[in-house]
Every structure is written in C-alpha cells, then in structure tokens.
Amino acid sequence: MQFDSVDAVREMFAKDGYIADRPLALTVYLANLLGKPILLEGEAGVGKTEVAKVLANTLDTPLIRLQCYEGLDANSTIYEWNHAKQILHIRIAEKQESVETLDRSIFGEEFLLQRPLLQAIRHPGPRPAVLLIDEVDRADEEFEAFLLEVLSDFQVSVPELGTFRAAHRPIVVLTSNRTRELNDALKRRCLYLWIDYPTPTKEREIVLSRVPGIDASLVEQVVGVMHTLREIDFFKRPGVAETLDWSRALLGLGARELSPELVDETAGCVLKYHDDVERLREIGADHVLAGESERSEAR
Amino acid sequence: MTLEASSIGDAAGAARALVQRVMTFGRLCKAAGLGATPARMMDVLRSLEGIDLRRRDDFRLALRTNLASSHEEEALFDRLFRTYWEGEATADYQPAEFELEPQEDDKNREIPDEPPDLLGNPEQWSADELAKARELVGRWTGESREVQRLVRELAERLATRPSRRVKPARRGPRVDMRRSLRRNLAHGEMLELSRTRRKIRKTRLVMLCDVSGSMDTYNPLLLQLMFGLQRALPNSRTVVFTTRSSEITRSLRRRSVPEALNEASRLARHWSGGTNIGAAIGEVNRRILREGSASSTVAIIVSDGYDQGDPALISREMRALRRRVRAVTWINPLAGSEGYTPTARGMQAALPYVDHFFGASNAKAIRALTKQLGAIR
C-alpha cells in the first residue's frame, strides 16, 4: 500500500501542485487499498488526466499512457513484433540455422515491441507503475471487452514467449469524456468519480500556483468570467486548461484588468469553436464581465 | 460511528450490526438500479476497514465510489444515502439500535426511479401527462412482422462504411506481417502472404422523436421502426422530446418495445404543452454529439415541424447539427398525406439543413422510407 490515509494522499498531491478535494483523495486512497482501477469522468479540461500524472509523480514511478482512439485494437496495446528486424535477422541467419533455432531466435525479447499494457504488466517495481488509459470512450466496445479481461487478471500471453503476469499490479486510471456510455461490466470493475469544474476558490488557487507572476486581482476577474461562461451552453465549455491558457496569455500581454475589448480579442484562448465565439459576441463581453450569462435586453 | 460505539459497548456486535446495515443499504441501492453486485459489496466492506468511520462524509464517499458508476448514479446514490442513513440519524444516535432488517419505513419509502439517461429530468408529472403517456403506449399495436423484417434488412444494409479495424482475409489490400512471418517460417522465404482487409462498420444513428401532442398522427409502424432500429444498431442513441428532451437509449436496450414505451413515458414526464424542436436539437448537439465520430453518425429527426419555440433557434441548432453528423434526415409523418406542404414555421427553418426529407403517412410510405434510409451513404 502506497498511502497511509486520505490526508496523506492530499498532502502528497499538494506537494506536487495538485489541489485534490476530499472525494478525489478518498477515491485514490481506496483504489490503492482495494487494488481497483479508478474511472474518472467529467467535462473535458477538468484535470482528469492530470490525476494520473500527479499520482505517478508522487509515487516516483513511471506513468504509462495508453491514449485511446477509434479502431484501437489489442495488438497495438499489448505487443507487436518488430517485423523489419525479424526479416533482417532471417536474411542473415538463413544460411546457418535450422527452422527451430530461427523460430526461437526471432521470436525473442529483442524483437518484441512492448506496448503500454504489456509495459505496465512487466514493470519491474519496486513500486507499481501508473497506467493511464486515457479517453477510453473513444475506443470501441470490442476494445472495452478486451480491456476488461486485462484489468481482471493483469496477465497477457504472447504465444511465442509465454504468459506474463504482473508482479506489481499497476495502479490504473481510466478517463472518459463521456461521449458514449461505457460497458456496465467495465464500470463495475472500477471505483467511479465524477470530476466537476473547480469552485472559484479552488480555481483561483490553481491559477496562482500554475501561473507564477500573475496579478491576484486579475485572477479574480478571470475566474469570475470563466464561471459565468460555464453557465452558457456553449458547444465546448471551457475547462481549467482554458483558464490557465487564458491567464498565461493575459500575463503575456501585460494586462492588469479585463475589459470587454480584451475579452473579445482573447476569446480564442477560451472558446475553441467558431459557433461559440459568435455566441459570446451575441451575448456581449460586457455582460459576461458583469457576471451575466444571458443578454438581458434581448428578452 | 463504530469507533465511538466500540468504546461504549460491544464492539464486535456494533461492527456486525454496521455490516448488516450496509448490506441492507446495498439491497436498497440494487432495487433502485445501482449495480450493487456481491463483488462490489465485498469491496465496500473492505473499504470500510480502511477509512475513518467517524467522518460521515468519508463513509458516504467510500460507499459511493464503489456503488455508483455515472454522474447520474452519484446523484441517485446521494439521495438514497440521505434517505437511508440520515433520515433517521439523530443527535443521540445509538449504534446498538442498528436494525438487522429494513424498517417498515425503509420498505415503504419511495425508491427513486432508475436514473434517466443523459437528458432525463426529475420532475413530478401531472395526471394529464400520465394520460398522454398511456395514450402513446395505447397506440402501440404490437409488433408487425413486416416491420420486424424491414428493420432487420435495414439494419444490415444501413450505410455501412469501412472501419479502421482490420480482419484477416484471403484477399485484401494489406499484408499481415505477423501472420505472414509465422506461415512462411518453414519456407525460409516469403512465399505466401497473409492479408487483411478492413472490417465493415455500422452507421451510428442518433434519433430524435417528437412525441408531443401534435404528433397524435404518430404511426405505430413508425414507432416500431425507430425503436427497432435502436435495438438493431446498438451504437445508436434515441431521444424523445416535446418541450424538453429525454434519452431513452438504455431502456430501449434493456426492455421489450412496449415496456420501453412505458418506461419512456415515465422518463419523459412532460408529454404535453407544446414542442420545442430547437432546444431538443441543442441538447443533442451538446450532450450526445459533443466530440468524436461525426463521419459515422446519421441524425434522424421525426417530427411534424409544428413548434412553439423560436425558429431562429431551430436554424442555429440545425446548422450546428449539420456540421456534426454525416447526414441529417427528417421524417415528417404528415408529409405525403394529401394536400400537405411543409409550411410549419419550424419545418421551414429546418429544411435548408436537411439532406433527406421523407414522409411516413402510411405503411407504403414507411416501406419506401426504409429503402431510402438504406441507401444513405
């Protein structure tokens, strides 16, 4: 077990600049205690991926990341053979070796390309690796079924080399943006936590710790506007990442205070779709600055 | 809780009582639709050993992270937790009084419905709405064999496209190096190549069904077609709407069509009182089509286009929708009936963004409709 208590988790995360609230700290602690994967869901940009990174950092253990995408299949997540190297080897060995020795030699370790799942399972320790399975909702159902199998046994077999079983079960963090519902069985295997946008107080803390040199009163304004913006049903609501981007941009521009013009000019840091930028223009930056998420005179 | 209890009296007894209460709570969770499986209940008990039970919030969070699996389930869990653990908690709460069986109260207490899918709305519904819901189910006249066949054919044919996944094949454009090497080891030369070809992938449908009063003409065959498609193409999503919208994908997946209709009418507790097409499309744009596979998604809207909302909203949301899917199909049950022209304001606002417009006024039109749907690429 890596953490003694929930508070220990919070402290260790804080040392790494991550402000973990109690539900998150408790979930990390229990995942560690029970040896279960964590499934984090929430809007894009609330810091789900960051949890795995900080976890790896605080435990001083490698972060092994599996980015999911449509069409991801078992081969590219466990292992592949280095075919080019194998063929080269065959060419050289052709003259001297028998089929059996060739078979043994080209399906050996040196021709094996380990992919994230195998890497995580074969991690030598002493502390378990952190395995981040990012945006699992982007992969398809077939892959989920396969993942479920790996997550229950933590073993995979490579026919030519045998079965590998994890000596140190990795700490697994799955994230999902919820573009579709995940398989029930997979969800039941995990501890679940929905991560919301941070409260203004927490977001202020985050900005101040991540964007050194920024004016506290500007941060106050930025965070206020972000919270107003999140009430508007944009196609893509801005996350914490956008707050940080925007803060850095404003710092770079030498801004001391937000004005409607400045909000319009820098809207691209916060809103990533043309429709959304237009929507903001409709509502008016001055209204947003005043904390209004709807144009009042339009009613 | 228990630590204090243990200092008061029989520690082992209190612990056993707590376990019993937690197990009873687990059954309540299960009855309310949470996946409180035996394996998960074991994990709950193991979790309790690791946390400070005096912190009630830790106790709640530990149970929740084990038993809930979505944002909605978290909310449902919190409601159940409050009812069960806090409904009777008093200042001088005595652990010795833990009951081994649920109290009469617990049994009678209303167990909340299953969590709605993404767009549900926890509201009470009026007698009027109840009547409307029953009416909709009443329109269900059982599964017609013909529609079943149509659905089957359509699901098979429906706009297939090559997947990024590959499968082994005798002939195919790509060489499968892994299998080729294995096969040719004995030859020492690459004599026979193993090949792969792309798998075929089904289109994902996102269906929006207008179930408002103005859809009384709703054809039972059309309902069956839509819901049948949802069941045949598991990737798809179905949303019903009037002035609000409610996703019914999960209930359609789990139940028979009449049951699902009942369920849909329970979830969509707002049958009457007009239609807001723009708002419904907006919800779908933001909640269901947020990111991802635009190229494989076909949106199907079933509505007569009579709308109380702002036509400008319909235009805006239709434009956004059009950009997020491969094709927008509008099925208007009135179209094709004699003397119909699409003059409803909502219909007018939407038409510029519609790729395929079909009628469905009778069985013949529905047959034609399935043919045309099958041809969408």
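**Salt bridge and helix crossings**

Mentor: Let's start with one pair in this predicted model: the side chains of Arg22(A) and Asp58(B) form a salt bridge, 2.5 Å from N to O.

Trainee: What makes the contact of Arg22(A) and Asp58(B) a salt bridge?

Mentor: The cut-off is 4 Å between a side-chain nitrogen of Lys or Arg and a carboxyl oxygen of Asp or Glu. Arg22(A) and Asp58(B) have N to O at 2.5 Å, so the pair qualifies. Between chain B and chain A the count is five salt bridges.

Trainee: How many residues does each chain bring to the contact?

Mentor: Chain A gives 58 residues and chain B gives 51. About 4800 Å² is buried between the two chains, with 47% of that from carbon and sulfur atoms.

Trainee: Arg22(A) is also in the contact of H1(A) with H2(A). Why are H1(A) and H2(A) called roughly perpendicular?

Mentor: Their axes lie 8 Å apart at an angle of about 110 degrees. Angles of 65 to 115 degrees count as roughly perpendicular, so the name fits H1(A) and H2(A). Their crossing is right-handed. By residue kind, the contact of H1(A) with H2(A) has seven nonpolar, no polar and three charged.

Trainee: And why are H10(A) and H12(A) called oblique?

Mentor: Those axes come within 10 Å and cross at roughly 50 degrees. That value is not under 35 and not in the 65 to 115 range, so H10(A) and H12(A) are oblique. This crossing is right-handed. Residues that meet there include Glu203(A) and Arg210(A) in H10(A), and Arg248(A) in H12(A). The contact divides into four nonpolar, two polar and three charged residues.

Notes:
Residues are numbered from 1 along each chain as its sequence is written. Chains are lettered from A and ligands numbered from 1 in the order in which they are written. This is a predicted model: local features need pLDDT of at least 70, side-chain atom pairs count only at pLDDT 80 or more; totals for chains, interfaces and linings use all residues. Side-chain values use heavy atoms; hydrogens and water are left out. Axes are lines fitted to C-alpha atoms, for helices over the stretch in contact, and angles run from 0 to 180 degrees between N-to-C directions. Helices (H or I, at least four residues) and strands (E, at least two) are DSSP runs, numbered from the N terminus. Angles under 35 degrees count as roughly parallel, over 145 as roughly antiparallel, 65 to 115 as roughly perpendicular and the rest as oblique. A crossing is left-handed if the near helix is turned anticlockwise from the far one by less than a right angle, and right-handed if clockwise. Contact means heavy atoms within 4.5 Å. Ala, Val, Leu, Ile, Met, Phe, Trp, Tyr, Cys and Pro count as nonpolar, Asp, Glu, Lys and Arg as charged, and the others, Gly among them, as polar. Buried area is the accessible area (1.4 Å probe) that two parts lose on being put together, summed over both.
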